[in-house]
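Here is a short round of questions on a strand and a helix pair. Look over the sequence and the structure first.

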Amino acid sequence: MKQFKKDDTVMLLVDHQVGTLNFCANRPHEMIISRTRALARLAKALNIPVVLTSSQEDHAQGPLLQDLQDLLPEEYADRVKRAGITNAWDDEAYKAAVLKAANGRKNVIMAGLTNDVCIVWPSISMQEEGFNVQVVIDAGGSPSQIADDIAQQTWESKGVRTTTINQLISEMVHNWATEEGQKVLPILFEEVMSKVGQFA
């Protein structure tokens with residue numbers, strides 16, 4: 001199992017839209033938002049390239065979360081607005097944007113809404129094309145726990161790893177005593193640890 005590092009990783013946040021959030025019923029919306037914020041802040045602190053994408057913003061899915069626009073204004077402005085293709089990797093504009101941002105990096109952190117539609121297929125497609133993909137499962141969700149479980153089983157059967165925000169952050173930082181660790185520790189406490197118990 002390859003350990004991800006900040007210099008060989010790209011982050012893909014897929015369809016974290018205000019309407020799509022309402023399609024997720026298997027975990028609290030506040031949890032999904034806090035984990036997504038943590039990912040955005042982690043990427044910014046460690047200079048990890050991020051690509052944002054949305055699907056049919058003028059339909060029920062709505063715009064991306066305001067948090068993403070606030071935390072990643074340039075990436076938000078450059079977001080790939082898909083016309084409705086469920087597997088984002090099949091969208092040529094998105095694929096081109098990811099390859100440009102990755103610039104040879106082969107490790108992919110992926111999270112989004114919903115896990116059972118918008119994450120399962122691109123994660124598998126990228127894994128099959130030679131990328132090492134991890135899905136941060138608690139920064140997304142599905143209409144039911146069954147749907148989330150089956151999506152996880154499906155992507156894992158193709159070699160995609162499942163992780164959580166705490167596990168990912170500890171993997172990326174390696175050592176809290178480093179300068180990078182000191183940058184990231186407040187993110188972990190403010191976005192995740194301070195909310196422990198709220199989502200039990």
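Q: In which two directions do the residues of strand E4 point, and are they buried or exposed?
A: This is a predicted model, where local features need pLDDT of at least 70, side-chain atom pairs need 80 or more, and totals for chains, interfaces and linings use all residues. Numbering starts at 1 along each chain as its sequence is written, and side-chain values use heavy atoms, without hydrogens or water. Asn107, Ile109 and Ala111 point one way from E4, and Val108, Met110 and Gly112 point the other way. On both sides, these residues are buried (under 20% relative accessible area with a 1.4 Å probe, protein chains only; exposed is over 50%, partly exposed in between).

Q: Which residue in E5 is the bridge partner of Val108?
A: Strands here are DSSP runs of E, at least two residues long, and helices are runs of H or I, at least four, numbered from the N terminus. E4 (residues 107-112) runs parallel to E5 (residues 132-136), joined by four bridges; pairing takes at least two DSSP bridges. In E5, the partner of Val108 is Val133.

Q: Which residue stands opposite Met110 of E4?
A: Strand E1 (residues 9-14) also runs parallel to E4, with six bridges. Opposite Met110 stands Leu12.

Q: Are H2 and H8 roughly parallel or roughly antiparallel?
A: Helix H2 (residues 29-46) and helix H8 (residues 165-173) pack with axes 11 Å apart, at about 10 degrees. Axes are lines fitted to C-alpha atoms over the stretch in contact, and angles run from 0 to 180 degrees between N-to-C directions. Under 35 degrees counts as roughly parallel, over 145 as roughly antiparallel, 65 to 115 as roughly perpendicular, the rest as oblique. H2 and H8 are therefore roughly parallel.
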